[in-house]
Amino acid sequence: MIIMTITQIQQLGRNKACVTLDDEIQWILPPSVVRERQLCPGQELSEDIYTELYETYVLKAAKLKALDLLRRRDHTEKELREKLTRQGFDPETVRKAVAYVDSYHYLDDERYVRSYLLSASSGKSRQVICQTLAAKGIDPQTIQDCMEELELDDTENIRKICEKKFGDLNSMSREQRQKVFQYFLRRGYKYGDIASIIKEFDSI
């Protein structure tokens, strides 16, 4: 049974060839496979050959790429899908590759959030962190739950940054303390939280 016809083959550098099927589906294959299997435009693929080529060279490559990306660092599901898509994998293959790594719990948005919070929370406000993680496709409730679990506190962050970056605010002029206040405002900290830490100083 014939299910697909190769309509175009395009060389993409030394290590990639783009094989288009029925003017719709695009596979990225090694040029060596194209040569060895004697693939060419107009060639009809039976169901067996289609399945063999797809599972051996396309889906397997997507799974390996997904594993490699996660080995390098944690990714959100959205990030992983976007990177696999940029590698040339079609939406269905991306879906299957993501489902594959997820089945082994290699893809874990909660773990990603915890890792991000531990590494980034010391210099960023809760608002900025929420915006950054939401842009990565993380569910807002997951973000909030992890923040509560790790007991993130903006006022404590402000206090630590003040001690580390600005030293003794008592020795600063009113104008210098204004700059400190603006520094935290630009980073998404709330006015009230900033004021609660430096309230002992002159009104800014």
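Which residue takes a positive phi in the hairpin of strand 2 and strand 3? That's D22, with a phi near 50°, in a hairpin that has 3 residues between its strands.

Okay, ground rules before we go on. This is a predicted model, where local features need pLDDT of at least 70 and side-chain atom pairs count only at pLDDT 80 or more, while totals for chains, interfaces and linings use all residues. Residues are numbered from 1 along each chain as its sequence is written, and side-chain values use heavy atoms, with hydrogens and water left out.

When I say helix or strand, I mean a DSSP run: H or I over at least four residues for helices, E over at least two for strands, numbered from the N terminus.

Back to the hairpin. Strand 2 is residues 17-21, strand 3 is residues 25-29, and the two pair in the antiparallel sense over 5 bridges. Pairing here needs at least two DSSP bridges between the strands. If you want one pair to click on, V19 has W27 as its bridge partner in strand 3.

So, which residues of strand 2 are buried on each side? On one side you have A17, V19 and L21, on the other C18 and T20, and they are all buried. That's 5 of 5 residues in the strand. Buried means under 20% relative accessible area, exposed means over 50%, and partly exposed is in between, using a 1.4 Å probe and protein chains only. As background, side chains in a regular strand alternate between the two faces of the sheet.

Some of those names come back in the core. The largest nonpolar core has 15 residues, and V19, L21, W27, L29 and L45 touch the most other members. Strand 1 (2-11), strand 2, strand 3 and helix 2 each supply at least two residues of this core, and helix 2 gives the most, with 5. There's also a second, separate core of 13 residues, including L169, F184, I194 and I198. A nonpolar core, by the way, is a set of buried Ala, Val, Leu, Ile, Met, Phe, Trp, Tyr and Cys residues joined through side-chain atoms within 4.5 Å. The general background is that nonpolar side chains tend to be buried together in soluble globular proteins.

Three of the names in that second core, F184, I194 and I198, turn up again in a helix pair. Helix 9 (residues 174-186) and helix 10 (residues 191-198) pack at an angle of about 145°, with their axes 10 Å apart. Helix 9 makes the contact through F181, F184 and L185, and helix 10 through Y191, I194, A195 and I198. Contact means heavy atoms within 4.5 Å. The axes are lines fitted to C-alpha atoms, for helices over the stretch in contact, and the angles run from 0 to 180 degrees between N-to-C directions.

Now the charges. How many salt bridges does the structure hold? There are 10, a salt bridge being a side-chain nitrogen of Lys or Arg within 4 Å of a carboxyl oxygen of Asp or Glu.

One of them joins R111 and D74, at 3.4 Å from N to O. This pair links distant parts of the chain: R111 is in helix 5 (residues 109-120), D74 is in the loop between helix 2 (47-72) and helix 3 (77-86), and they are 37 residues apart. R111 is partly exposed at 31% relative accessibility, and D74 is partly exposed at 25%.

Two others sit within helices. E77 and R81 have their closest N and O atoms 3.0 Å apart; they are 4 residues apart in helix 3, so about one helical turn separates them. R114 and E110 meet at 3.1 Å, N to O, and they are also 4 residues apart, in helix 5, which again means about one helical turn. Elsewhere, D68, R71 and R72 are joined into one network by salt bridges that share partners.

E110 shows up once more, next to T142 in helix 7 (residues 140-149). T142 touches E110 and V113, leaving out residues up to four places away in sequence, and T142 is buried at 17% relative accessible area.

Last stop: I161, in helix 8 (residues 154-166). I161 is buried, at 11%. I161 and G123 are 38 residues apart in sequence, yet 7.3 Å apart in space, C-alpha to C-alpha.
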